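Please look over the sequence and the structure that follow, and then read on for a guided account of the ligand surroundings and the annotated positions.

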Amino acid sequence: MDRRQRLFVHRIGIDHGRMNFWRAIVLAALVATAPAPLAGEIPPDARRSGYSFMGPDTRAMQDDDTSSPGMLFVLDGETLWTKKAGSADKACADCHGDARSSMKGVAARYPAFDKALARPVTLDQRINLCRANHQQAAPLPYESRDILALSAFVAHQSRGVAITAGDDPQLKPFIEQGRNLFMQREGQLNLACTNCHDDNFEKRLAGSPITQAQPTGYPLYRLEWQTLGSLERRLRSCMTGVRAQAYDYGAPELVALELYLMARARGMPMETPAVRP
Amino acid sequence: SLAFVANARAEGLAPYEIIGDGIAESLTGAPGDAARGRALVLARTTTCILCHSGPFPETRFQGDLAPDLTGAGNRWTVSQLRLRMVDAARFNPDTIMPSYYRADGLVRVGRNFAGKPILSAAEIEDIVAYLATLRD
Ligand code: HEC
Ligand code: HEC
Ligand code: HEC
């Protein structure tokens, strides 16, 4: 049915109570639906990285490690990897050795379930857990240069590796929480992630192409930010865009959304550090 | 209490009556100004051209999530245009078009926007006046 026809179905005598009733039905249907793909979700063979929506210049920047600005952060991360820190006076390398082998594929399965905390943790949170528990060092603040450099360095070891996040059955309720958040309309503009990223990718929001919100490249260099940024930063800016109150960094809701996005991207290759407009 | 404040703010919205598929009466009691309405539609913060395109040769950054506004004044009456601006969901419950004159029933609205409609009654009237001029 096209929109004009629907207009006639709904045009007369719909009061506010009925509208809320309709919204409630839609919401209940979403909540009740377990892992089976919902209408509007992208089938596996139609998934596309944000890379494929970019112009040739931005692609070329990502393709060439000597011009990709994110590679500077990866190099910084490599230095930090071998630098002793905290009162334990240990470097990451003292426990994990050569990251090229020990960290290969690790970022591709994050956020991962942490037994002690009984919830998923992001790669950034895992690194800070190592700082706290194994180095006896203060946590690195979210979006600080050092945490971005370390997580870019670790995630870079998975470049080209297929995403496996979400395999652990203990993650199931958290993936579902993330999916519900993705489907939930929010903010003054009353839009859900799915409205743009499942239903309208490849269209243009003002001048910008809307992508499928695939999390394959993080942390990544965004030209608009003029720096590297985390997936959480990206999600927070989409929330602010719809005039919603963005969740704080590290909030369980953001971790759940991140986990849902990674599980939704299962099998897609990691690109860290990617470049985006 | 918080609830009282939210209600007081929501009550700050001008009352309107939906008759059939429209709102016949101006929200302000006065006609809007089409020239101001055009400027509002083009302003980024009003958000229309995030989704819509239209007869706006001066801007390259127009969206294509929604119909081109060219000819909207032929397709819809002023009364229908006003209701669509106030609450587009009345025409299509699944629409992605925001309700511009509504402040309740929304989730996690940002601190700076909570309890306020996206546009004021006067802004809506200006935009409605402009849309009505969009005739092919
Ligand atoms: C109104 C449309 C809209 C909504 C709603 C929206 N986004 Fe976005 N999103 C965009 C646009 C446009 C871009 C990228 C373009 C840009 O800003 O460069 C983007 C980018 C992204 C990216 C980056 C993809 C990449 O290739 O790096 C992710 C991830 C993302 N959004 C997730 C979300 C999530 C999660 C939500 C809900 C909390 C959401 N978005 C809500 C429009 C939207
Ligand atoms: C004293 C030993 C030690 C140090 C130092 C250390 N880690 Fe760890 N790391 C571990 C252990 C043990 C684990 C397994 C989880 C746990 O028990 O904390 C781990 C887990 C990890 C993981 C997750 C691996 C996986 O397969 O899920 C990452 C990523 C990681 N560390 C990165 C780092 C980084 C980056 C640093 C330096 C900032 C660092 N670690 C410092 C001992 C250490
Ligand atoms: C997030 C997307 C979005 C935004 C923002 C938006 N609209 Fe819409 N609009 C739509 C969609 C989609 C439709 C198609 C019908 C429907 O789904 O309700 C529509 C339909 C319309 C129509 C009827 C179109 C026709 O000619 O048949 C008018 C008029 C209109 N919008 C005006 C506006 C104005 C003015 C603004 C800003 C104050 C605005 N819209 C903001 C998405 C949007």
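In what follows, two residues are said to be in contact, or to touch, when heavy atoms of the two lie within 4.5 Å of each other. The model shown here is a predicted one, and the account begins with ligand 2 before turning to positions that carry a database annotation.

The shell around ligand 2 is made up of 17 residues, and the closest of these are A:Cys92, A:Cys95, A:His96, A:Arg109 and A:Cys130. By residue class, the shell around ligand 2 holds 11 nonpolar, three polar and three charged residues. Side chains also supply polar partners to the ligand: an N or O atom in the side chain of A:His96 lies 2.8 Å from a nitrogen atom of ligand 2, while a polar side-chain atom of A:Arg109 is placed 2.4 Å from an oxygen atom of the ligand. A:His134 likewise has a polar side-chain atom that lies 2.8 Å from an oxygen atom of ligand 2. Two elements of chain A, α5 (92–96) and α7 (123–135), are those that give two or more residues to this shell, and α7(A) gives the most, with six residues.

Attention now moves to the annotated positions. In an unreviewed UniProt entry, the annotation "binding site" covers A:Cys193, A:Cys196, A:His197 and A:Cys238. These residues are spread over 46 residues of sequence, yet they cluster in space, since the largest C-alpha distance among them is 10.9 Å.

Of this group, A:Cys193 is found in helix α10 of chain A, which comprises residues 193–197. Leaving aside residues up to four places away in sequence, A:Cys193 touches A:Leu181, A:Phe182 and A:Asp198. Is A:Cys193 buried or partly exposed? Because its relative accessibility is 21%, A:Cys193 counts as partly exposed, given that buried is reserved for values under 20%. A:Cys238, by contrast in its location, is found in helix α11 of chain A, and with 34% relative accessibility A:Cys238 also counts as partly exposed.

Helix α11 of chain A, which covers residues 231–241, is also the place of A:Arg234, a residue that the "binding site" annotation of the unreviewed UniProt entry covers as well. A:Arg234 has a relative accessible area of 22% and is therefore partly exposed. When residues up to four places away in sequence are not counted, A:Arg234 touches A:Tyr218, A:Arg222 and A:Trp225.

How values were computed
Residues numbered from 1 in each chain as written. Chains lettered and ligands numbered in written order. Predicted model: local features only at pLDDT ≥ 70, side-chain atom pairs only at ≥ 80, totals over all residues. Heavy atoms only, no water. Near = heavy atom within 4 Å. Polar contact = N/O pair within 3.5 Å; in protein donor to acceptor, adjacent residues only side chain to side chain. Helix = DSSP H or I, 4+ residues; strand = E, 2+ residues; numbered from the N terminus. Nonpolar A, V, L, I, M, F, W, Y, C, P; charged D, E, K, R; others polar. UniProt positions renumbered as here; feature names shortened; annotations may be inferred. Buried < 20%, exposed > 50% of the residue type's maximum accessible area, 1.4 Å probe, protein only.
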